[in-house]
Number of protein chains: 2
Amino acid sequence: MKSNVEKPSVSYLLIHICKARMNRTNKMLGAHGLYAGQDVLLYFLGQEDGQTVSSLAEKVSIRQATMVRMIDRLAAGGFVRKVKDNEDRRISRIFLTKRGKTAADAAVSVWKELERKATAGISPEEKETLRGTLGNILKNLQ
Amino acid sequence: MKSNVEKPSVSYLLIHICKARMNRTNKMLGAHGLYAGQDVLLYFLGQEDGQTVSSLAEKVSIRQATMVRMIDRLAAGGFVRKVKDNEDRRISRIFLTKRGKTAADAAVSVWKELERKATAGISPEEKETLRGTLGNILKNLQ
DNA sequence: AAATATTACTTAGTCGGCTAATTAATAGTG
DNA sequence: CACTATTAATTAGCCGACTAAGTAATATTT
């Protein structure tokens with residue numbers, strides 16, 4: 001975690017990459033009325049509509065409380081509908097609206113473009129090595 | 001950005017690594033009364049005391065507005081003192097308290113431990129390759 | 001010297017995260 | 001059947017991050 005004269009640590013690089021990526025994501029998603037974070041939710045809804053709050057929270061890897069608020073905001077923005085389940089009235093099921101579906105598609109485009117941009121000039125072999133190493137780091141931290 | 005059957009994208013790995021690292025950082029810093037983000041500020045103050053709000057914001061790579069609030073919270077927690085400059089009364093200068101100095105040292109320990117943990121089982125050569133590739137990705141995104 | 005920038009910081013409001021504590025509905029148990 | 005978990009969602013409150021708009025002090029310019 002430093003970058004003066006000494007070589008930047010892996011952590012330093014990772015943090016700044018994530019920050020830069022987040023900034024770009026926010027700007028690009030902003031054109032579609034979205035904030036970074038909401039994109040992932042819409043994507044998983046696109047994969048399977050009508051999921052529960054808790055199931056979505058788990059897939060997106062955030063807390064239920066965070067998910068609830070995110071859903072309410074997206075519902076207020078017309079991206080999503082929230083419907084109480086009749087079998088089990090504790091459960092709310094979330095559905096994509098037409099607008100939400102469009103936004104989900106846009107989000108995937110944004111991801112693809114950023115992945116392309118981020119890994120520009122990196123050979124397939126180097127990328128494969130990178131994926132391997134990053135996979136190990138992820139395991140180490142989880 | 002997906003991880004089903006297909007290989008996870010570089011972006012997916014980076015995002016989840018950062019998230020996992022952030023969670024660990026928060027837990028470890030919590031033991032010292034800190035939140036992730038504050039550590040970086042304290043570190044830079046440790047390098048040079050009495051810096052201005054804007055200078056700190058630039059070094060930490062966050063907006064001034066964010067820095068102001070962070071400083072005010074750290075001041076409320078007794079980690080830092082905020083003093084109006086007498087030469088130019090627009091400027092506030094930030095100083096580490098004894099408690100802040102201790103916390104800054106703790107933060108550096110946390111970073112080192114996490115860097116060690118994250119890169120465990122990764123050879124020096126692999127790490128060097130990784131740093132190179134990550135450096136290129138960072139450039140691509142900035 | 002007075003009007004006009006510019007600079008440094010501040011405030012208000014929005015988001016995504018988190019934890020902890022509540023509420024409401026269902027499932028289980030004595 | 002009534003009492004007690006457990007589960008699903010919600011609320012409140014705290015962080016870090018952002019933008020946009022505002023204030024106060026210093027510099028510039030006319």
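## Starting point

A:M28 is partly exposed, with a relative accessible area of 21%. Here, buried stands for under 20% relative accessible area, exposed for over 50%, and partly exposed for anything in between, using a 1.4 Å probe and protein chains only. A:M28 sits in helix α1 of chain A. Helices are DSSP runs of H or I with at least four residues, strands are runs of E with at least two, and both are numbered from the N terminus.

A quick word on ground rules. This is a predicted model, so local features need pLDDT of at least 70 and side-chain atom pairs count only at pLDDT 80 or more, while totals for chains, interfaces and linings use all residues. Residues are numbered from 1 along each chain as its sequence is written, chains are lettered from A and ligands numbered from 1 in written order, and side-chain values use heavy atoms, leaving out hydrogens and water.

## Met28 and its partners

What does A:M28 touch once its neighbours within four places in sequence are set aside? The partners are A:V110, A:E113 and A:L114, where a contact is a pair of heavy atoms within 4.5 Å. For a sense of scale, take A:I91: it is 63 residues away from A:M28 along the chain, and the two C-alpha atoms are separated by 33 Å.

Over in chain B, B:M28 lies in helix α1, which covers residues 10-30. B:M28 counts as partly exposed, since its relative accessible area is 21%. Skipping neighbours within four places in sequence, B:M28 is in contact with B:V110, B:E113 and B:L114. Another handy distance in chain B links B:M28 to B:K139: 111 residues along the chain, 30 Å between the C-alpha atoms.

## How the two chains relate

To lay chain B onto chain A, rotate by 180° with 0.0 Å of shift along the axis; the RMSD comes out at 0.0 Å. That is the relation of a two-fold axis. Both copies use the same surface, as 100% of the contact residues of chain B recur in chain A. The superposition is a least-squares fit on C-alpha atoms of residues with pLDDT of at least 70 in both copies.

For a look at a contact across the chains, go to A:H16. This histidine is in helix α1 of chain A, residues 10-30. Is A:H16 buried or exposed? It is buried, at a relative accessible area of 16%. Apart from neighbours within four places in sequence, A:H16 is in contact with B:S61 and B:L138.

## The serine in the loop

B:S61, one of those partners of A:H16, is found in the loop of chain B between α3 (53-60) and α4 (64-76). Its phi is near 65°, a positive value in a residue other than glycine. B:S61 counts as partly exposed because its relative accessibility is 38%.

In chain A, A:S61 lies in the loop that joins α3 (53-60) to α4 (64-76). The phi of A:S61 is near 65°, again positive in a residue other than glycine. A:S61 is partly exposed at 38% relative accessibility.

Step past that loop and you get to A:Q64 in helix α4 of chain A. A:Q64 is partly exposed, with 47% relative accessible area. Leaving out neighbours within four places in sequence, A:Q64 is in contact with A:V53, A:S54 and A:A57. A:Q64 and A:Q51 are 13 residues apart in sequence, and their C-alpha atoms are 13 Å apart in space.

## Chain A as a whole

How many helices and strands does chain A have? There are 6 helices and 3 strands, and from the N terminus they run α-α-β-α-α-β-β-α-α. The C-alpha trace spans about 60 × 30 × 30 Å along its principal axes. The radius of gyration of chain A is 18 Å, whereas a compact globule of 142 residues would be near 14 Å. That radius is taken over C-alpha atoms, and the globule rule is 2.2 Å times the number of residues to the power 0.38.

Of the 142 residues in chain A, 43% count as buried. Looking at contacts in chain A between residues at least 6 apart in sequence, 43% join residues at least 24 apart. Chain A exposes about 7,800 Å², of which carbon and sulfur atoms supply 51%; these areas come from the Shrake-Rupley method with a 1.4 Å probe, and for residues only the protein chains shown count as cover.

On the charge side, chain A carries 25 positive and 15 negative charges, and their mean positions are 6 Å apart. Lys and Arg count as positive and Asp and Glu as negative, leaving out His and the chain ends, with each charge placed at NZ of Lys, CZ of Arg, CG of Asp or CD of Glu.
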